[in-house]
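User: Please take a close look at the pocket in this model, and then at the helix packing around it that you can describe. I would like one connected account rather than a list.

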Amino acid sequence: IITDINTLPLVTYGVLFGAWVGDDGQLSDVAIERARAANLLYNFRIQKLFVSGDQSHNNEVDAIAVYAATLGRAETSGIAGEDIVKDYAGIDTGATCRHIAALTDDYVILITQSFHLPRALYLCEQAGVKVIGVPVNTLNLLSSRGDSDLEIYTIRVGRFIRESALTWAYLLGLYTALTGVA
């Protein structure tokens, strides 16, 4: 896990994990933060962007890819369409890791928040991917993380519980049994 992006090596792929997209196509703060980080790292530390998600609901992959390519931070010029690889079958973190493993043997940079990063690193390593993680929430890419201290606390507790449960489900071999997803 590297928080100083200036010390990251140049790699071919950055992996942008999908996140919630609303019925109206509006990206969640989690998706926006990941996409902005990908945009920031493009041509600086990554040459191509692997956008993975569950396309079955609200065109998640396409919405996030468009945002990363065109609406990222003002000081960047966007990501060239030919440098975006879309993984429409990335229905969960494990699937995304298996799909990037099939694409490259080189190191990849995982672009996600610190609450998700330990599980993403673990699952990608299990899939045979050489990984470096960037906790995008340390890059100060969002102006706000919630409207009140209570909202921020509630979000953080919810994410902690979710990630803890999913991590233990994977470690104990229960995830596949419960979801049917290998």
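Analyst: A pocket here is an open set of points on a 1 Å grid, with protein on both sides within 12 Å along at least five of seven lines, and a residue belongs to the lining if it has an atom within 4 Å of a point. The model is a predicted one, and totals for linings use all residues.

With that meaning in place, the largest pocket holds about 590 Å³ of space. It is lined by 27 residues, and those closest to its centre are G18, A19, W20, R34 and R162. In chemical class the lining of the largest pocket is evenly divided, with 9 nonpolar, 9 polar and 9 charged residues.

Helices contribute to this lining: helix 1 (29-41), helix 3 and helix 5 (149-171) each provide at least two of its residues. The largest share comes from helix 5, which gives 4 residues to the lining of the largest pocket.

Two of these contributors also pack against other helices, and helix 1 may be taken before helix 3. The axes of helix 1 and helix 2 (residues 60-70) lie 8 Å apart, and the two helices pack at an angle of about 45°. An angle of that size falls outside the ranges for roughly parallel, roughly antiparallel and roughly perpendicular, and helix 1 is therefore oblique to helix 2. The crossing of helix 1 with helix 2 is right-handed. On the side of helix 1 the contact involves A31, I32, A35, R36 and N39, which meet I64, Y67, A68 and A69 of helix 2. By class, this contact of helix 1 with helix 2 comprises 7 nonpolar residues, 1 polar and 1 charged.

Helix 3 (residues 93-103), for its part, packs with helix 4 (residues 117-126), their axes coming within 8 Å and crossing at roughly 45°. Helix 3 and helix 4 are therefore likewise oblique to each other, and their crossing is right-handed. Here T93, G94 and C97 of helix 3 meet R119, A120, L123 and C124 of helix 4. The contact of helix 3 with helix 4 consists of 4 nonpolar, 2 polar and 1 charged residues.

Methods:
Residues numbered from 1 in each chain as written. Predicted model: local features only at pLDDT ≥ 70, side-chain atom pairs only at ≥ 80, totals over all residues. Heavy atoms only, no water. Axes fitted to C-alpha atoms, helices over the stretch in contact; angles between N-to-C directions. Parallel < 35°, antiparallel > 145°, perpendicular 65-115°, else oblique. Left-handed = near helix turned anticlockwise from the far one by under 90°. Contact = heavy atoms within 4.5 Å. Nonpolar A, V, L, I, M, F, W, Y, C, P; charged D, E, K, R; others polar. 1 Å grid on protein atoms, 1.4 Å probe; cavity = no way out; pocket = protein on both sides within 12 Å on 5 of 7 lines; lining within 4 Å. Points joined across faces, edges and corners; volume = space filled by probe spheres on them.
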